[in-house]
Amino acid sequence: MNSKLEDVTTASHTAISSISPDYATVYLNEGEQLTIEQLLNILLIPSGNVAGNILAEHVSGSINNFVKLMNNRAKELGCINTNFTNPYGLQ
């Protein structure tokens, strides 16, 4: 487990700015602080892609590191035609 639901993390410039406005359904501000539980709710209920980026940075230090972690886990699970490029599932 890389974090607890009550952990607080901060929305970075990268997490906010790397999502196209066309893909954003929830608007968070750079510097805004949220718990992991709040971000998971945002990610899952209204499909808030920015929340996926913020969670990725919290868990792995960067979006790219999280994508590597996801791809490594997919390989461990035996997935052979899976390649993640971001934490929120859109290309």
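**Exercise 1.** In this predicted model, determine how many salt bridges the structure holds, and state which side chains meet in a salt bridge and where they lie.

*Solution.* The count comes to 1 salt bridge. The partners are Arg73 and Glu76, whose side chains meet at 3.2 Å, N to O, and this satisfies the criterion because a side-chain nitrogen of Arg has to come within 4 Å of a carboxyl oxygen of Glu. Turning to position, both residues belong to helix H4, where they stand 3 residues apart, about one turn of the helix. The last step concerns accessibility: Arg73 is partly exposed because its relative accessible area is 46%, whereas Glu76 counts as exposed because its relative accessibility is 59%, the boundary for exposed being over 50%.

**Exercise 2.** Describe the largest pocket by its volume, by the helices that supply its lining and by the character of the lining residues.

*Solution.* The volume of the largest pocket is about 150 Å³. Helices H2, H3 (49-60) and H4 (63-76) each supply at least two residues of its lining, and the largest share, 4 residues, comes from H3. Sorted by character, the lining has 9 nonpolar residues, 2 polar ones and no charged ones; among its members are Asn2, Gly52, Phe66 and Pro87.

**Exercise 3.** Which place does Leu40 have, and in which surface patch does Leu40 take part?

*Solution.* Leu40 is found in helix H2, which covers residues 36-44, and its relative accessibility of 30% is why it counts as partly exposed. On the surface, Leu40 forms a nonpolar patch with Leu5, Leu44 and Ile45, the accessible area together being about 420 Å². Leu40 is also one of the residues that line the largest pocket.

Key. Residues numbered from 1 in each chain as written. Predicted model: local features only at pLDDT ≥ 70, side-chain atom pairs only at ≥ 80, totals over all residues. Heavy atoms only, no water. Patch = residues over 30% accessible without salt bridge, like charges linked within 9 Å, V, L, I, M, F, W, Y side chains within 5 Å. Areas by Shrake-Rupley, 256 points an atom, 1.4 Å probe, with all protein chains shown as cover. Buried < 20%, exposed > 50% of the residue type's maximum accessible area, 1.4 Å probe, protein only. 1 Å grid on protein atoms, 1.4 Å probe; cavity = no way out; pocket = protein on both sides within 12 Å on 5 of 7 lines; lining within 4 Å. Points joined across faces, edges and corners; volume = space filled by probe spheres on them. Nonpolar A, V, L, I, M, F, W, Y, C, P; charged D, E, K, R; others polar.
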